[in-house]
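User: Could you take me through this structure step by step? I am new to reading such models.
Analyst: Certainly; please have the sequence and the structure open while we talk.

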Amino acid sequence: QVQLVESGGGSVQPGGSLRLSCAASGYTASSYHMGWFRQAPGTEREGVAAIYARDGRPLYADSVKGRFTISQDSAKTTLYLQMNGLKLEDTALYYCAAAPDWVGWRRLLQTDDYIYWGQGTQVTVSS
């Protein structure tokens, strides 16, 4: 049974930081790209950051470049998203997800190829 369990969400003021975690189990993590996505009310789910399984290269949405950092532990069982300089528009439900490693680099921030999803963790940025 594949499980992705997110944690670390919460409420912060603009400019604050949060670190999200995603614990993965039930599959061979090294065979999957991992990504973070988010969805605000009334909007489509969007890709935030992803890690390319084959060489660990990160990929970021333009809206979070320079503020967010995606990483994994050495065993690739936990995915992290360090979020600094949070803005009001970062408020959303954040999901981690896994895509099979045949998915190409250019598609890593697209939701369509991700087959495993967590339940999400809420991030609220407000003053």
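**Salt bridges, a disulfide and a sheet**

Analyst: Arg38 forms a salt bridge with Asp90, and their closest N and O atoms are 2.9 Å apart. A salt bridge here is a side-chain nitrogen of Lys or Arg within 4 Å of a carboxyl oxygen of Asp or Glu. Before we continue, note that this is a predicted model, in which local features need pLDDT of at least 70 and side-chain atom pairs count only at pLDDT 80 or more, whereas totals for chains, interfaces and linings use all residues. Residues are numbered from 1 along each chain as its sequence is written, and side-chain values use heavy atoms, with hydrogens and water left out.

User: Where in the chain do Arg38 and Asp90 lie?
Analyst: Arg38 is in strand β4 (residues 32-39), while Asp90 is in the loop between β8 (78-83) and β9 (92-100). The pair links distant parts of the chain, 52 residues apart. Strands, in this account, are DSSP runs of E with at least two residues, and helices are runs of H or I with at least four; both are numbered from the N terminus.

User: Is Asp90 buried or exposed?
Analyst: Asp90 is buried, because its relative accessibility is 1%. The term buried means under 20% relative accessible area, exposed means over 50%, and partly exposed is in between (1.4 Å probe, protein chains only). Arg38 is buried as well, with a relative accessible area of 5%.

User: Which other side chain meets Asp90 in a salt bridge?
Analyst: The side chain of Arg67 does, at 2.7 Å from N to O. Arg67 lies in the loop between β6 (58-60) and β7 (68-72) and Asp90 in the loop between β8 and β9, so this pair ties together parts that are 23 residues apart in sequence. Arg67 counts as buried, at 13% relative accessibility.

User: And which side chain does Arg38 meet at 2.7 Å?
Analyst: Arg38 meets Glu46 in a salt bridge, with 2.7 Å from N to O. Glu46 is partly exposed, with a relative accessible area of 36%. Taken together, Arg38, Glu46, Arg67 and Asp90 are linked in a network of salt bridges.

User: Why would such side chains pair at all?
Analyst: Side chains of opposite charge can pair when their charged atoms come close.

User: How many salt bridges does the structure hold?
Analyst: The structure holds six salt bridges.

User: Let us stay with that loop for a moment. What is Lys87 in contact with?
Analyst: Lys87 is found in the loop between β8 and β9. Leaving aside neighbours within four places in sequence, Lys87 is in contact with Arg67 and Val125, where contact means heavy atoms within 4.5 Å. Lys87 counts as partly exposed, at 36% relative accessibility.

User: New topic: how many disulfides are there?
Analyst: The count comes to one disulfide, defined as a pair of cysteine sulfur atoms within 2.5 Å. Cys22 and Cys96 form this link, with their sulfur atoms 1.9 Å apart. The link is right-handed, with 45° about the S-S bond.

User: Which strands hold the two cysteines?
Analyst: Cys22 is in strand β3 (residues 18-25) and Cys96 is in strand β9, 74 residues apart, so the pair links distant parts of the chain. Cys22 is buried with a relative accessible area of 1%, and Cys96 is buried with 0%.

User: What about the sheet? In what order do the strands come?
Analyst: Four strands form an open sheet in the order β1-β3-β8-β7, with antiparallel pairing. Two strands pair if DSSP finds at least two bridges between them. β1 and β7 stand at the edges, each with a single partner strand, so one side of each is left without a neighbour in the sheet.

User: How many bridges join those strands?
Analyst: Five bridges join β1 (residues 3-7) to β3, and Gln3 stands opposite Ser25 in β3. β3 and β8 pair over six bridges, with Ser21 opposite Tyr80 in β8. Five bridges join β7 to β8, and Phe68 has Met83 in β8 as its bridge partner.

User: Last one: what does Thr78 touch?
Analyst: Thr78, found in strand β8, is in contact with Ser21, Cys22, Ser71, Gln72 and Asp73, leaving aside neighbours within four places in sequence. Thr78 is buried, with a relative accessible area of 17%.
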